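This report covers packing, a metal site and a pocket in one protein model. The sequence and structure come first.

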Amino acid sequence: MSVCRLQLIASLMFFELVSSNLYKEPLWNYDDETNWPGLNCKEGGKRQSPIDIRTTDVIKDYTKKFIKYGSLKLNGYHRVLVSGINNGHTVQFSTEGEEAIHPTVTGGPLEHRYRLEQLHFHWLSEHSVNGNKYPMEIHFVHVRADLAVGDALGSKDGLAILSVFCNVQAELDDRQEEASAEIMQYIPKLLDTGDRISGVLLDMTKLMSPNLGSYYTYAGSLTSPECNEAVIWIIFDTPIYFSDSDYRKFGKVGVGRHNFRSLQRLNHHLVFQPVDSHINTPQIVRIFDEAFKMFAEFFRNINAFMSNGLRTS
Ligand SMILES: [Zn+2]
């Protein structure tokens, strides 16, 4: 098979991840990870994601071994033209229009400039911290600006994913409410597989962690097929917040029983953090207790939903 053909196939696989322009039935599902396409998914590689981040093992990067390029710099996330889709695995918002005006990120562990392709949600979170998951995790998926998508998938640093944990609490303050409203207005329009909306302007700064200077970072993989080991992960430790009622709305989104990949064996995963970051973990356990109760309720709701024959995927 020619390199071109392989690149085309890689592009098509990634297409499902990045594109809102074409919907096709999902070729894989979260209930049966052993049947995911892609050798890395099946056999596991040396740097598969997601992982449990053990804070005692995280390396403060005094010697700039991994975080070599100063502070993270985000450009153009304030007004981003996107289209939204329920692709059967998640709710995803993909950038539209001229690439030149898409948001970009540089700095931190990133040697290159990366352009935002899409953001999507996982509930529960995919990564965990000291064994504890958050109610939700948002992935901002970026591709190296100097590479075509097919080439980026084959490069050890072809993609950069910024990850934001989401916590849940009963009531939000005004600022949190505003952040949540930025995305929640669109979720009810994307409940069924194949649902789509376009021409949406998102202020993505509202969905970003309030502390961009404090994060975990490591070289890992995509957490969906074909699990390419091409991702520099940047996982902010300070979460954003959704209300109980907003979080419950994600339970009505038709993506199957759950949409997170199982935690992967720790292998060649060295996790770093910036020298001046202050990682704060104790509250996760308490909040997760609440989230877990809510998630159990989701399962009940989804099961009821399915037995009523209302689910469309
Ligand atoms: Zn993801």
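Which residues does Phe 121 touch, not counting residues up to four places away in sequence?

## Contacts of Phe 121

The model is predicted. In it, Phe 121 touches Thr 90, Val 91 and Phe 93. Its other partners beyond four places in sequence are Met 136, Glu 137, Ile 138, Ile 183, Phe 250 and Asn 259.

## Nonpolar cores

Phe 121 also belongs to the largest nonpolar core, which has 47 residues. Together with Phe 93 and Phe 140, Phe 121 is among the residues with the most contacts inside that core.

A second core is separate from this one and has 19 residues. Its members include Tyr 134, Val 141, Leu 153 and Leu 159.

## Zinc site

Three histidines coordinate the zinc ion: His 120 through NE2, His 122 through NE2 and His 139 through ND1. The distances are 2.0 to 2.1 Å. The donor residues follow the spacing H-x1-H-x16-H in sequence.

Of these donors, His 120 and His 122 are both buried.

## Largest pocket

The largest pocket has a volume of about 390 Å³. It is lined by 17 residues, and those closest to its centre are Lys 65, Phe 66, Lys 68, Ala 219 and Ile 232. Two elements each give two or more residues to the lining: strand E7 (110-122) and strand E13 (215-220).

By residue class, the lining of this pocket holds 9 nonpolar, 6 charged and 2 polar residues.

Technical notes. Residues are numbered from 1 along each chain as its sequence is written. This is a predicted model: local features need pLDDT of at least 70, side-chain atom pairs count only at pLDDT 80 or more; totals for chains, interfaces and linings use all residues. Side-chain values use heavy atoms; hydrogens and water are left out. A nonpolar core is a set of buried Ala, Val, Leu, Ile, Met, Phe, Trp, Tyr and Cys residues joined through side-chain atoms within 4.5 Å. Buried means under 20% relative accessible area, exposed over 50%, partly exposed in between (1.4 Å probe, protein chains only). Contact means heavy atoms within 4.5 Å. Donors are N, O and S atoms within 2.8 Å of the metal (3.2 Å for Na, K and Ca); water is not among the atoms, so sites may look incomplete. On a 1 Å grid over the protein atoms alone, a cavity is a set of points where a 1.4 Å probe fits but cannot get out, and a pocket is an open set with protein on both sides within 12 Å along at least five of seven lines; lining residues have an atom within 4 Å of a point. Grid points are joined across faces, edges and corners, and a volume is the space filled by probe spheres set on the points. Helices (H or I, at least four residues) and strands (E, at least two) are DSSP runs, numbered from the N terminus. Ala, Val, Leu, Ile, Met, Phe, Trp, Tyr, Cys and Pro count as nonpolar, Asp, Glu, Lys and Arg as charged, and the others, Gly among them, as polar.
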